Amino acid sequence: MSANDHDGVDRPDSGGDFEELQRILRDMLSGNGGTPANGFDPEQFAKAAGINIDPGALQGLFSTLQGAMQHPSDQIDWSVARKTAIDVASDGAGNGDPAAAMRAFPVATLWLDEATELGPTPDAPKTLSRIEWVQQSIDTWVGLAEPVAESITRALMNALQSQMPEELSSALQGASPMLRSVGGALFAVQLGTIVGRLSGEVVSAGDIGIPLLSGEGREGGALLPTGVAAFAEGLDQDPETVTLYLAIRELAHARLFRHTKWLRLHLLTAIGDYARGISIDTDRIEELARDIDPQHPEQIQELISNGALIPPKTEAQEAAHARLETMLALVEGWVDVVTADAAKRIPGAEAVAEMVRRRRATGGPAEHAFAALAGLELRPRRLREAAALWRLVGERSDMATRDGLWAHPDLLPSSEELDHPARLLERLGLAGTTTDSAPDDFDAALAQLLDGELPPHEGENGDSRA
């Protein structure tokens, strides 16, 4: 290996081949007609890969790429994603009080016992640092990202092959394993960067609606004190109050996924199937590449992050996406209803709940990650209707009936029943449980539920139970 005086980064001995590879890649990005950049600027390359511009990150990036070039493999080395995520999470500073969360968990458990038939999980709730969250969630992220990485790598190879002059095709054929390996390494580094940054935004293990943690004790629920502190900063609320409310939400989420054993696999499988259905359009890549200025490779990162390389959803993917959004809405709606009932003793609980809703309405902490990785927006868009429906079922029957609908996916409200709640009530035998309510009265009551964000519901004697 020899050091290159231009940028101080070690390069392979075969300098001519490396320079030729640079030229080929530059020509590809400029549509074979752009002005080549003078030299190889590692900072510009790092921007294109979405890596923080600092000496440690640059050295790690080029070590990774050199390893991929020297020892090419058809398999992506996902340990690179793990290391990058931990490095990024380590850079983030933040305050947080683990003791406050540990004080909140017992109270949240007691109050949830009154709000749901689903009992506590056998695993004890815990607190996690940013690095611990990365370590316990990265395997799930890799499982979700792998199908997309394979699709994009194949598409980039096809784009290269389609643009190579005929006289270079045999050389490219020999370089394909190395290029594929480098592309996989870049994707792994970008995934690690995304997950590392996300560790500074999430407040709990179930923050994005899907249980990400793996390993022992993953079912008990967890809070990230640094994320909780950051969430509470903009609120005119006592930090202990915010912590208690978020603890109730997290433990409600943990109970649901613990007792609904099929749910986690159901969601993760649906996301994986969606991702495997992605077919990157190489013509689109070539079209976009012609507009990229090689002097500004950060434009590549912008294309990746805004989902421009992900083609429009197919009809099958649109249907799969709608099913995912409905399922997420049912999960989040149930959690909202149970949390509202359990948190009724907390002064200012509604203000915290409103902030949670606003945060979720803008996409939540993981939406951009999923959009960049798979063009998939995991937003429970029908949350309001789902929450109102769960509330309606609880009021027309009881907690046991409401929570019992999670026993099997076929029992859950369908998308059609979200549109027409009366059909669900009819299926459950609850359509006539009120005293001779006319259809207009039912519609008015339902509209009132939808217009108000989970309003207080009354007990048998008219007393408020909120």
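This passage walks through the overall make-up of the structure, one helix pair, one enclosed helix and two buried residues.

The model described here is a predicted one. The protein has 466 residues, and 49% of them count as buried. Its secondary structure comprises 20 helices and 4 strands. Among contacts with a sequence separation of 6 or more, 80% join residues that are 24 or more positions apart.

A helix pair makes a convenient starting point. In general, the packing of two helices is described by the angle between their axes together with the distance between those axes. Helix H5, covering residues 98-115, packs against helix H13, covering residues 315-342, at an angle of about 110 degrees, and their axes are 8 Å apart. H5 is therefore roughly perpendicular to H13, since angles of 65 to 115 degrees fall in that class. The handedness of this crossing is right-handed. On the H5 side the contact involves Trp111, Leu112 and Ala115, which meet Val338, Asp341 and Ala342 of H13. By residue type, this contact consists of 5 nonpolar residues and 1 charged residue, with no polar ones.

Asp341 deserves a closer look. This residue lies in H13 and takes part in the meeting with H5. Asp341 has a relative accessible area of 14% and is therefore buried, the cut-off being under 20%. Its C-alpha atom is 9.0 Å from that of Thr116, although 225 residues separate Asp341 and Thr116 in sequence.

Helix H9 offers a view of a helix within the structure. H9 runs over residues 239-259, and its 21 residues should span 30 Å at 1.5 Å a residue; the C-alpha atoms at its ends are 30 Å apart, so the two values agree. Of the 21 residues in H9, 17 are buried, so this helix is largely enclosed by the rest of the structure.

Further along the chain, Leu424 is found in helix H19, which spans residues 421-427. Leu424 counts as buried because its relative accessibility is 0%. Once neighbours within four places in sequence are set aside, the contacts of Leu424 are with Leu389, Val393, Pro413 and Glu417. Of these partners, Pro413 is 11 residues away from Leu424 along the chain, and the C-alpha atoms of the two are separated by 6.7 Å.

Key:
Residues numbered from 1 in each chain as written. Predicted model: local features only at pLDDT ≥ 70, side-chain atom pairs only at ≥ 80, totals over all residues. Heavy atoms only, no water. Axes fitted to C-alpha atoms, helices over the stretch in contact; angles between N-to-C directions. Parallel < 35°, antiparallel > 145°, perpendicular 65-115°, else oblique. Left-handed = near helix turned anticlockwise from the far one by under 90°. Contact = heavy atoms within 4.5 Å. Nonpolar A, V, L, I, M, F, W, Y, C, P; charged D, E, K, R; others polar. Buried < 20%, exposed > 50% of the residue type's maximum accessible area, 1.4 Å probe, protein only. Expected span 1.5 Å × (residues − 1).
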